[in-house]
Amino acid sequence: MTTVAPRVSMRAWTAAFRSAPVGQATMPFYLLFGTIVTLNAIGLVMVLSVSSVTSLYVGQSTWFTFQRQFVWSMGGLVALILVMRVDYRQWQKYANGVVVLTMLLLVAVLVPGIGTTANGATRWIYLGPISFQPSELAKLAMALFAAAWLADKAGKERDTRTTIRPILVICSVMAGLILLQPNLGTAVIIVFIAFAALFMAGVPLLPLTGWSLISGGAAALAAWGSGYRRDRVISMLDPWADPLDTGWQTIQSRVGIASGGASGVGLGESRIKWGFLPEAQTDFIFAVLAEEMGWVGAMFVLGLFAGFVFCGIWVALHSPDRFGQILAIGITVWVGSQAFVNIAAVVGVLPITGVPLPFLSVGGSALLTSMVGTGILLNIARQIRVGQVRVKS
């Protein structure tokens, strides 16, 4: 058995890789692909602009961070193209395995000697010169598991024991492990993905609303029950109450956005990146973008994310089967909600959570998992036939 299974699996993946020729894809496929490539290109430009300064503060070459991000971006593009060529239905078989692997990694990152702590958070595992965050894989794992489970429970949407409870158990365990890192922002996104999948699956709104309120209350308690999170909430409401400490990032971010005006101060000419705005190349890269490219550039990026969400929803509504529908909405909500949480924190509408901006912020594991997830979404999109929806078992 151990010699046969790998060959069978390889044949299945090879056959899936050859399915759905690109020439038959619909317009949303090309719009999605173009949006993703454009966001990556903008991200590389902004990373070069910001990291050319921030790298100097730690004694590195001005090109160091950009070169690493460029390698991750090219690797992500290759991963996207490869995953895009694999029939998305193949992922349904491995959803449980991906969840188990993710759980093990989320536990491992909390083990002293395995996980690495930086800025008060233990989120990274290092393998030589490469580091990755298991919490990024958790987003993909949640989308896959929810889609696979709910696709198998078609017709049982009103039985909350077989729909809501299993999803919430997995979601709660993942979110709980991520909260221990601590990382409230990613935990909230995991919850968003789970509830979006349940909504798309047709679970009754009454119990779904009830559990949503419970989850929202739990998130509020987690935010208010921790000292540094409570300070972030207070600084969001009034950053000038402590302008030199908890309110510093919010104030500097707003100053940068306001300084950009309509057309910006010019690429590479940002002032806030010169030590005024901490985490400028990760969590607050949108503020630098707005300063250098102005409201025009900022609105263009917002339009790209809005277009991504619109196309993702269209793909979910027109997917050939139930698994594709739920998986597409999960991936769309993943990217869309993460972009919203990041940008809302940058402009001071939400507390700072440490969630990166998809495709733009520095971070290899975040970029790679996002590219894999969107590669799956693209495969779903390319198998849609306008006026002739195919449903395969």
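**Figure 1. The second largest cavity has a volume of about 40 Å³.** The model shown here and in every view below is predicted. The lining of this cavity is made by Asp283, Phe284, Asn342, Ala345, Val346, Ile352, Thr353, Gly354 and Val355. By class, the lining divides into 5 nonpolar, 3 polar and 1 charged residue. In total, the model holds 2 cavities of 30 Å³ or more.

**Figure 2. The largest cavity encloses about 50 Å³ of space.** Rolling a probe the size of a water molecule over the atoms shows where empty space is left. Here the lining consists of Gln338, Pro356, Leu357, Pro358, Phe359, Leu360, Ser361, Ala366, Leu367 and Ser370. Helix 13 (residues 364-382) gives the most to this lining, with 3 residues. The lining of the largest cavity has 7 nonpolar and 3 polar residues, and no charged ones.

**Figure 3. The second largest pocket has a volume of about 220 Å³.** Its lining counts 10 residues, and the closest to the pocket centre are Arg232, Asp245, Thr246, Gln249 and Ile352. Ile352 also appears in the lining of the second largest cavity. Helix 9 (227-237) and helix 10 (248-260) each supply at least two residues of the pocket lining. Helix 9 gives the most, with 3 residues. The lining of the second largest pocket comprises 5 nonpolar, 2 polar and 3 charged residues.

**Figure 4. Helix 10 packs against helix 11 at an angle of about 10°.** Two packed helices are described by the angle between their axes and the distance between the axes. The axes of helix 10 and helix 11 lie 6 Å apart at about 10°, which makes helix 10 roughly parallel to helix 11. Their crossing is right-handed. From helix 10, the contact uses Ser253, Gly256, Ile257, Ser259 and Gly260. From helix 11, the partners are Ala287, Ala290, Glu291, Gly294 and Trp295. By class, the contact of helix 10 with helix 11 has 4 nonpolar, 5 polar and 1 charged residue.

**Figure 5. Helix 2 (residues 27-57) and helix 3 (residues 64-84) cross at roughly 165°.** The axes of helix 2 and helix 3 come within 9 Å. The angle of roughly 165° makes helix 2 roughly antiparallel to helix 3. Helix 2 passes helix 3 in a right-handed crossing. On the helix 2 side, the contact is made by Phe29, Phe33, Ile36, Asn40, Leu44, Val47, Leu48, Ser51 and Ser55. On the helix 3 side, Thr65, Phe66, Gln69, Phe70, Ser73, Leu80 and Met84 take part. The contact of helix 2 with helix 3 contains 10 nonpolar and 6 polar residues, and no charged ones.

**Figure 6. The peptide bond from glutamine 181 to proline 182 is cis.** Most residues other than glycine have a negative phi, and most peptide bonds are trans. For the bond from glutamine 181 to proline 182, omega is near -5°. Proline 182 sits in the loop between helix 6 (164-179) and helix 7 (184-200).

**Figure 7. Glutamate 279 has a positive phi.** Its phi is about 55°, although glutamate 279 is not a glycine. Glutamate 279 is placed in the loop between helix 10 and helix 11 (285-317). Helix 10 and helix 11 are the pair shown in Figure 4, with axes 6 Å apart.

Terms used
Residues are numbered from 1 along each chain as its sequence is written. This is a predicted model: local features need pLDDT of at least 70, side-chain atom pairs count only at pLDDT 80 or more; totals for chains, interfaces and linings use all residues. Side-chain values use heavy atoms; hydrogens and water are left out. On a 1 Å grid over the protein atoms alone, a cavity is a set of points where a 1.4 Å probe fits but cannot get out, and a pocket is an open set with protein on both sides within 12 Å along at least five of seven lines; lining residues have an atom within 4 Å of a point. Grid points are joined across faces, edges and corners, and a volume is the space filled by probe spheres set on the points. Ala, Val, Leu, Ile, Met, Phe, Trp, Tyr, Cys and Pro count as nonpolar, Asp, Glu, Lys and Arg as charged, and the others, Gly among them, as polar. Axes are lines fitted to C-alpha atoms, for helices over the stretch in contact, and angles run from 0 to 180 degrees between N-to-C directions. Angles under 35 degrees count as roughly parallel, over 145 as roughly antiparallel, 65 to 115 as roughly perpendicular and the rest as oblique. A crossing is left-handed if the near helix is turned anticlockwise from the far one by less than a right angle, and right-handed if clockwise. Contact means heavy atoms within 4.5 Å.
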